[in-house]
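Please find below my note on the structure, arranged as numbered points. Each point takes up one feature that can be checked against the coordinates.

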Amino acid sequence: MSEHAKLTRGSIPGHLVKQTAPMAVGVAAIMSISLIDAYFIGQLGADPLAAISFIFPITVALTSLGVGVMVGINSVVARSLGAGDHAKAARRANLGVAFATVVGVALGVALWVLQEPLFRLMNAPDHLLPLIREYMDPFALAFPFLLVLMGFNGVLRGQGEANMSSFINIAYAAVNWVLDPILITGAFGIEGFGIAGAAYATLIGWAVAVVLAVICVGRTHLPFNPVLIRECENPREPVMAIVRVAGPASFSNAINPIGLSVLTALIALEGQSAVAAFGAAGRLQSFAVVPLLALSGSIGAIVGQNWGANQPDRARAAARGAGLFCIVYGLVIAVALVAAAKWFAGFFTEDPGIVRQFARYLEIAAWGYAGFGLLIVGNGILNAVDKAGLALAQSCGRVFLVMLPFGWLLRPLWNSDAIYAAELAANVIGGLVAVLIVRKVLAGAPPKAQQPDS
């Protein structure tokens, strides 16, 4: 057991709170960006708001791929520290950042090239495509910065440095808060760039966050040191250790927004008001489930370090506590959102058609948030114990066996309600399946420590 594996000692409930609370603040700051984007873009008119509703699931899917890379780095770093192998953790941390950079460049180029056929596939109307391109061109340019940031955040989270990770996220969000009104609608004598201004603000925010991440990682036990990358005689082994988790975790994280992209295409058949409401409500939902997202991010380091240190009882205790929180919080936030659905809708628009669809979405879909929490926390636990394939399988089943068939088959009968109910069914069933899988996996014993990377 390493002296740097601080999560293998002390109170499990205490670690859950100390790791999740600052991460919740950081995630809330990140999620607030999409709300603020939607608010200022909404001032530009219905077309820009509809355009950003088509864009939202694609950007979330791409960001989810980056989160998967971060989860992979987090997993291998946490387990190496838990097993007491600091040198192995350092090599994997540095190779992980390099790997994230390469992935970011590749995805950014692919996004720039493929964006038009992608949005046509989503049934985006011709008159919205120029607005979509205005946003997506600078976003694709900025995307490599995001993956580099994810790489560094993975290193920080694997060490249990939730405060540093949250500080970086808050700084990135703060840059966006300041720049959004200036670059979108214009302020202080500066003419706004419209929908493209939101992407410019994101680019600048990511660049600032990367600089801060380098500084923060430099103050930990695993500072960024490119020499370790050059000196690694067999880089394939640590990179593959990251990919074994990052590959399935990336797709597992991306499956939900991919499913939402298909639902967006289906709901586009119901009209532009339904699309705008679905996109705006999705942003509110993302903010409402922030504590669940934070918990899914923090649980990996806690379970991973204790699993690597051969302390499965502590890992199981963390899983039980996290699951209980998901159920309680999910039901409480559902009641609050349903009760104030129309009030929240008024924050984005005064269009009565959009307000009506927005409220209807929350009245149906919000009751599945507890199940969604169980699913994503379950994925975080499975990734931490090197069972990313199971996490991917349960995420795929939730979307492709429940969500999409439900929405596709019932839309002709229930109209837009079928899309909202499809999300509810997917979250409830997905959460129950996740509980069963996690219980079975954690009932076993951790594998013996692997040989160090060379």
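1. Is Cys326 buried or exposed? In this predicted model, Cys326 has a relative accessible area of 0% and is therefore buried, the cut-off for that class being under 20%. Cys396, by contrast, has a relative accessible area of 25%, so that residue is classed as partly exposed. As for covalent links between cysteines, the structure holds 0 disulfides.

2. The largest nonpolar core comprises 136 residues, and those with the most contacts inside it are Phe119, Ile132, Tyr135 and Phe358. The element that gives the most to this core is helix H4, which spans residues 129-158 and supplies 17 residues. A second, separate core has 6 residues, among them Ala24, Val27, Ala162 and Val290. In soluble globular proteins, nonpolar side chains tend to be buried together.

3. Which residues does Phe119 touch, once residues up to four places away in sequence are not counted? On that basis the contacts of Phe119 are with Phe54, Ile55, Ile58, Ala124, Leu129, Ile132 and Met136. Of these partners, Ile132 is itself listed with Phe119 among the residues with the most contacts inside the largest core.

4. A search of the whole structure for ring pairs finds 13 aromatic pairs. One of them joins Phe139 and Phe143, whose rings lie 6.1 Å apart centre to centre with 45° between the planes, a geometry that counts as tilted. Both residues belong to helix H4, where they are 4 residues apart, or about one turn of the helix. Phe139 is buried because its relative accessibility is 3%, and Phe143 is likewise buried because its value is 0%.

5. The pair made by Trp343 and Phe344 has ring centres 5.1 Å apart and planes at 75°, and is therefore edge-to-face, the class for angles over 60 degrees. Trp343 counts as exposed, because its relative accessibility is 64%, whereas Phe344 is partly exposed, with a relative accessible area of 22%.

6. Which residues form one aromatic cluster with Phe139 and Phe143? The other members are Tyr135, Tyr172 and Trp206. Tyr135 also appears among the residues with the most contacts inside the largest nonpolar core, so a reader inspecting the cluster may wish to view it together with that core.

7. Gln285 sits in helix H9, which covers residues 272-288, and is classed as buried because its relative accessibility is 11%. The side chain of Gln285 makes a polar contact of 3.3 Å with the side chain of Tyr369, and another polar contact, also given as 3.3 Å, with the side chain of Glu423. Leaving aside residues up to four places away in sequence, Gln285 touches Tyr361, Tyr369 and Glu423.

8. Two residues other than glycine deserve a look for their backbone angles, since each has a positive phi. Asp386, with phi near 65°, is found in the loop between helix H14 (369-384) and helix H15 (388-414), and counts as partly exposed at 26% relative accessibility. Asn415, with phi near 60°, lies in the loop between H15 and helix H16 (416-442), and is likewise partly exposed, at 40% relative accessibility.

Note on methods
Residues numbered from 1 in each chain as written. Predicted model: local features only at pLDDT ≥ 70, side-chain atom pairs only at ≥ 80, totals over all residues. Heavy atoms only, no water. Disulfide = S-S within 2.5 Å. Buried < 20%, exposed > 50% of the residue type's maximum accessible area, 1.4 Å probe, protein only. Helix = DSSP H or I, 4+ residues; strand = E, 2+ residues; numbered from the N terminus. Polar contact = N/O pair within 3.5 Å; in protein donor to acceptor, adjacent residues only side chain to side chain. Contact = heavy atoms within 4.5 Å. Core = buried A, V, L, I, M, F, W, Y, C linked by side-chain atoms within 4.5 Å. Phe/Tyr/Trp six-rings, centres within 6.5 Å; stacked < 30°, edge-to-face > 60°.
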